[in-house]
Amino acid sequence: MMRIVLLLTAAVLGAAADHPPPAVSSYQAGAAVSAAPQPVQDTYEVAEAKRVFQQEYQKLAREAELAPDTHQYTAQPQYYQQQPRPAYTLGQAPQPVQDTYEVAEAKRTFQQEYQKLAREAELAPDTHQYTAQPQYYQQQPRPAYTLGQAPQPVQDTYEVAEAKRAFHQEYQKLAREAELAPDTHQYTAQPQYYQQQPQYYQQQPRPAYTLGQAPQPVQDTYEVAEAKRAFQMEFDRRAALAQSPSYN
């Protein structure tokens with residue numbers, strides 16, 4: 001039913017939008033200043049849509065009133081009821097919060113299961129025997145140090161001393177083998193090095209200038225003069241080409 005009401009309402013609004021009220025001329029507006037505004041008359045389409053909507057609404061209302069109600073709701077809705085806070089008086093310690101039935105039941109179940117497992121663990125034989133002693137890292141004590149006395153050098157541990165001795169033996173062995181081995185690689189050619197000549201920028205000296213004398217104009221270098229000459233030749237060639245009758 002709600003869907004039909006929405007559809008009919010949309011139809012009424014659409015018909016009203018398609019038929020806007022007629023425009024009022026300035027003469028008519030000036031004549032009606034002193035008179036009360038007339039109510040807007042519905043167009044034919046709007047009046048027809050309203051009539052159809054009213055008929056359909058009355059029809060559905062009668063059908064809903066006569067139809068039997070097959071949905072009987074007897075169950076009461078469940079609402080969450082917040083427990084009231086315990087009363088608190090100024091100067092008096094607040095009362096502890098009381099556990100609900102569900103929390104007390106969960107605590108009781110947990111306690112029973114815990115006691116059961118504890119008794120089983122106590123009566124069960126221990127089949128895992130740990131006989132090995134745990135290994136701990138023992139830090140070497142620092143050498144004693146007295147104020148005004150130089151500290152004693154750190155003594156190598158057995159592992160460090162053994163590693164130093166083995167390294168020294170291997171080093172001596174390889175040194176003797178390298179000394180006795182013949183040198184089969186003879187390098188006679190001198191290494192070639194690439195020597196790049198440094199290039200320096202030589203700044204042109206400024207023209208001499210005497211107080212009270214106009215400075216001399218800067219002389220063009222060979223490159224600048226050559227560039228100017230090539231540009232002038234190209235300019236003259238294009239100018240002559242533009243003035244020729246065949247170009248026009």
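Let's start with Phe235, which has 48% relative accessibility and so counts as partly exposed. Its neighbour in this story is Phe231, and that one, at 57%, counts as exposed. Keep in mind as we go that this is a predicted model.

So what do Phe231 and Phe235 form together? They make an aromatic pair, and a stacked one: the ring centres are 6.3 Å apart and the planes sit at 25 degrees to each other. It's one of 4 aromatic pairs in the structure. Where do the two residues sit? Both are in helix α6, which covers residues 222-243, and they're 4 residues apart, so about one helical turn separates them. In general, an α-helix has 3.6 residues a turn, so residues three or four places apart point the same way.

Let's stay on α6 for a bit. Arg229 is in that helix too. Its relative accessible area is 43%, so we call it partly exposed. The Arg229 side chain makes a polar contact with the side chain of Glu226, at 2.4 Å.

Further along, look at Arg237 and Glu234. Their side chains form a salt bridge, with 2.7 Å from N to O. Again it's a helix story: both belong to α6 and are 3 residues apart, about one turn. There's a bit extra here, as salt bridges with shared partners tie Glu234, Arg237 and Arg238 into one network. As for exposure, Arg237 has 47% relative accessibility and counts as partly exposed, and Glu234, at 32%, is partly exposed as well.

How many salt bridges does a search of the whole structure find? The answer is 10. Let me show you two others.

Over in helix α4, residues 101-123, we have Glu105 and Arg108, 3 residues apart, about one turn of the helix. Their side chains meet in a salt bridge at 2.3 Å, N to O. Glu105 has a relative accessible area of 28%, which makes it partly exposed, and Arg108 is partly exposed too, at 40%.

Then there's Lys50, which bridges to Asp42, with the closest N and O atoms 3.0 Å apart. Buried or exposed, or somewhere between: where does Lys50 fall? At 42% relative accessibility, Lys50 is partly exposed. Asp42 gets that label as well, with 43%.

Now over to helix α3, which runs over residues 44-66. It has 23 residues, and from its first C-alpha to its last it reaches 34 Å, close to the 33 Å you'd expect at 1.5 Å a residue. Which residues of α3 are buried? They're Val46, Ala49 and Leu60.

Okay, let's zoom out to the whole chain. How many helices and strands are there? We get 6 helices and 0 strands. Reading from the N terminus, the order is simply α-α-α-α-α-α.

And how much of the chain is buried? Of its 248 residues, 3% count as buried. The cut-off there is under 20% relative accessible area. On the surface side, the chain exposes about 26000 Å², and carbon and sulfur atoms supply 58% of that.

To wrap up, here's what I'd look for on the screen. Find the stacked Phe231 and Phe235 pair, then the network of Glu234, Arg237 and Arg238. After that, go to α4 for the bridge between Glu105 and Arg108, and finish on α3 with Val46, Ala49 and Leu60, its buried residues.

How values were computed
Residues numbered from 1 in each chain as written. Predicted model: local features only at pLDDT ≥ 70, side-chain atom pairs only at ≥ 80, totals over all residues. Heavy atoms only, no water. Helix = DSSP H or I, 4+ residues; strand = E, 2+ residues; numbered from the N terminus. Expected span 1.5 Å × (residues − 1). Buried < 20%, exposed > 50% of the residue type's maximum accessible area, 1.4 Å probe, protein only. Areas by Shrake-Rupley, 256 points an atom, 1.4 Å probe, with all protein chains shown as cover. Phe/Tyr/Trp six-rings, centres within 6.5 Å; stacked < 30°, edge-to-face > 60°. Polar contact = N/O pair within 3.5 Å; in protein donor to acceptor, adjacent residues only side chain to side chain. Salt bridge = Lys/Arg side-chain N within 4 Å of Asp/Glu carboxyl O.
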